[in-house]
Amino acid sequence: MATKANGKVKELEGEVYYPSEEVVAQARLQDWEAVAEKARKDLEGFWADEANELEWFKKWDKVLDDSNKPFFKWFTGGRVNIVHNCIDRHLNSYRKNKLALIWESEDGKLERTFSYHALNREVNRMANIIKAMGVMKGDRVTIYMGRVPEIVFAMLACAKIGAVHSVVFGGFSVDSLQGRIEDSESKLVITMDGSYNNGKVVELKRTVDEALKRCPSVENVIVVKRVGHDVPMEAGRDHWYHDMLALPIANGKCPTEVLDAEDPLYILYTSGSTGKPKAIVHTHGGYMVGTYSTLKYVFDINDEDRWWCAADPGWVTGHSYIVYGPLLNGATSFMFEGGPMFPYPNRWWQCVEKYGITILYTAPTAIRGLMRFGEAWPNKHDLSSLRLLGSVGEPINPEAWKWYYRVIGKERCPIMDTWWQTETGMFMITPTPSVPLKPGSGTRPFFGQEAEIVDEQGNPVADDQEGYLVLKNPWPAMLRTIYGDPDRYVNQYWSKNPGKYTTGDSAKRDSDGYFWIIGRVDDVIKVSGHRLGTAEVESALVSHPAVAEAAAIGLHHEVKGQGIHTFVLLRNGFAPSPELAEELRQHVATHMGPIARPEDVKFVDKLPKTRSGKIMRRVLKARAQGLPEGDISTLEE
């Protein structure tokens with residue numbers, strides 16, 4: 001545990017990791033309180049200063065337009081294009097020849113690199129081809145691809161010409177893809193012959209073909225060759241990307257469209273606990289300022305860094321912090337085609353060592369998965385280039401946090417545990433490198449934001465009491481609406497707590513003002529009137545040396561209302577037994593109190609997860625009760 005860097009740091013309650021003097025000295029932001037106070041006193045002034053660090057074709061008339069709440073607008077009257085700030089402005093500086101993107105294939109046999117100059121060339125070519133397909137400003141383009149550089153080119157090319165991209169994770173089922181294409185009324189689909197995942201080929205083009213049988217809006221399909229499989233190509237509709245690149249139309253400059261700050265940049269579908277997926281709309285101006293600022297402050301990004309966000313571009317984490325945020329900051333990003341454990345659980349550590357990665361941002365699911373294999377795999381590699389670590393996607397249990405900090409960060413690298421959503425577009429509750437950290441807490445809201453924990457009636461609750469997390473202030477990267485369904489936008493996010501954004505997550509705040517995310521509201525179990533978060537029960541189980549991963553659900557109980565039922569994946573070297581199950585039940589009771597003792601512990605070989613790594617407790621609940629599992633198109637397998 002690092003010691004306090006200076007006398008100014010207030011003593012905090014509980015287990016606290018203070019940043020080292022070296023970390024504080026190197027941090028861009030050393031006085032968190034001063035910046036937070038500035039943003040508190042003048043929200044619009046704070047965001048105007050951040051926006052002024054970027055280039056605008058025309059400055060805004062108004063920073064925040066709240067005249068039609070909750071349909072907030074930012075930088076109204078401003079003229080901009082996010083691609084101008086991601087690429088164009090860097091071409092007039094020393095960054096022109098700096099690496100923007102480094103890519104490595106899953107098997108490690110291919111490596112591709114792109115300077116900002118080369119990235120500009122590739123985006124121009126892609127944009128020219130998209131325009132030649134008849135796509136114009138405001139048209140929707142569905143992108144269904146694996147983790148290759150062309151997915152970045154495609155997103156940026158759409159934004160450059162004012163088209164709206166809708167990225168669908170390259171692994172979703174035919175029905176999921178078809179529903180998203182249909183809902184967005186996309187004119188063009190950009191895909192690949194196939195992609196690689198854990199040594200297997202994912203047949204992307206065949207999925208597209210099946211989906212398009214019911215999507216009359218699609219006029220053309222661009223196909224990037226990656227795996228070299230023979231795939232059917234429909235004459236007049238399907239076009240090989242490499243063939244298009246050879247045509248004169250692909251070459252030459254493509255002007256960056258001058259857009260309104262509120263023009264839509266992309267839509268991205270996010271699953272709700274009920275109903276069809278919601279198409280979240282983000283815009284050029286506000287989203288640009290939000291992703292730029294959060295990456296700059298939270299990960300202290302600078303010119304020397306090699307940044308690796310190990311998400312997929314198909315999720316919001318990939319949009320904000322693989323594609324847009326790093327390029328806005330002029331950073332060098334690393335993109336890896338594969339996952340952390342194929343063919344061996346040292347694959348990521350090989351990459352960190354080979355490319356000198358300085359910042360790694362990943363999900364607790366990946367960290368817990370790697371923990372199962374012990375310390376020998378990471379210890380084979382030189383990880384000394386790392387200076388910061390990050391966590392995203394779900395609450396990280398303290399046990400995994402400490403393993404990540406000790407084994408991967410060698411107790412040198414602060415962990416930026418970020419809470420945010422597809423809807424928020426940017427980090428909302430997060431530390432910065434110079435603030436003290438508590439394992440499992442995302443610390444405090446980002447500058448300009450105030451968060452609150454409220455009860456069922458919307459009244460603030462006392463410290464250390466669980467409740468519903470709401471956000472009190474608008475922020476630039478916030479969703480503007482749900483595409484084609486403004487009423488659902490109001491009902492979903494703004495009606496339960498009028499004037500405040502309802503996140504759908506439960507959380508608590510401690511006496512130091514640190515926030516602890518418990519999990520989705522529907523992931524809260526009420527046992528004898530006590531609200532227990534599934535994440536807390538799972539953390540307790542994972543803190544036992546035998547447990548690699550765990551999931552908890554609530555099932556009807558005659559006396560308690562709900563009882564806790566758990567599913568456990570054991571670490572190597574441990575075998576299931578009734579004795580171990582009883583030991584784990586007692587372990588949870590010891591950690592959380594007798595009220596949290598699980599009714600039972602089932603040992604499993606795997607847990608149902610979405611492709612972004614979130615455990616689908618809904619599926620476990622349905623299975624346990626012998627009910628239909630519902631839509632499982634987002635399942636990993």
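1. Start with the lining of the second largest pocket. Helix H17 gives the largest share of this lining, four residues. Bear in mind that this is a predicted model. H17 spans 534-542. Three other elements, helix H15 (398-408), strand S24 (515-520) and helix H18 (578-592), also each supply at least two residues.

2. Now the pocket itself. The volume of the second largest pocket is about 630 Å³. Its lining counts 27 residues. Nearest the pocket centre lie Pro398, Pro439, Lys508, Trp516 and Glu536. Look for these five residues when you open the structure.

3. What is the chemical make-up of the pocket lining? The residues divide into ten nonpolar, seven polar and ten charged. Keep this split in mind for the cavities below.

4. Helix H15 deserves a point of its own. H15 helps line the second largest pocket, and it also has buried residues. These are Ala400, Trp401, Trp403, Tyr404, Tyr405, Val407 and Ile408.

5. What do the buried residues of H15 pack against? Their helix partners are H12 (347-355), H13 (364-371) and H14 (376-379). Their strand partners are S18 (359-362), S19 (388-391) and S20 (415-417). After H15 comes lysine 410, with a positive phi near 50 degrees.

6. Turn to the enclosed spaces. Rolling a probe the size of a water molecule over the atoms reveals where space is left empty. How many cavities of 30 Å³ or more are there? The count is three.

7. The largest cavity has a volume of about 60 Å³. Its lining is made of Ala100, Leu101, Leu119, Val152, Ile322, Val323, Pro326, Leu327, Ala331 and Ser333. By class, nine of these residues are nonpolar, one is polar and none is charged.

8. Which element gives the largest share of the lining of the largest cavity? Helix H11 does, with four residues. H11 covers 316-328. Strand S4 (99-104) also supplies at least two residues of this lining.

9. The second largest cavity holds about 40 Å³ of space. Val167, Val168, Phe169, Phe172, Arg180, Leu268, Tyr269, Gly314 and Trp315 line it. Seven residues of this lining are nonpolar, one is polar and one is charged.

10. To recap, set the linings side by side. The second largest pocket has ten charged residues in its lining. The largest cavity has no charged residue in its lining, and the second largest cavity has one.

How values were computed
Residues numbered from 1 in each chain as written. Predicted model: local features only at pLDDT ≥ 70, side-chain atom pairs only at ≥ 80, totals over all residues. Heavy atoms only, no water. 1 Å grid on protein atoms, 1.4 Å probe; cavity = no way out; pocket = protein on both sides within 12 Å on 5 of 7 lines; lining within 4 Å. Points joined across faces, edges and corners; volume = space filled by probe spheres on them. Nonpolar A, V, L, I, M, F, W, Y, C, P; charged D, E, K, R; others polar. Buried < 20%, exposed > 50% of the residue type's maximum accessible area, 1.4 Å probe, protein only. Contact = heavy atoms within 4.5 Å.
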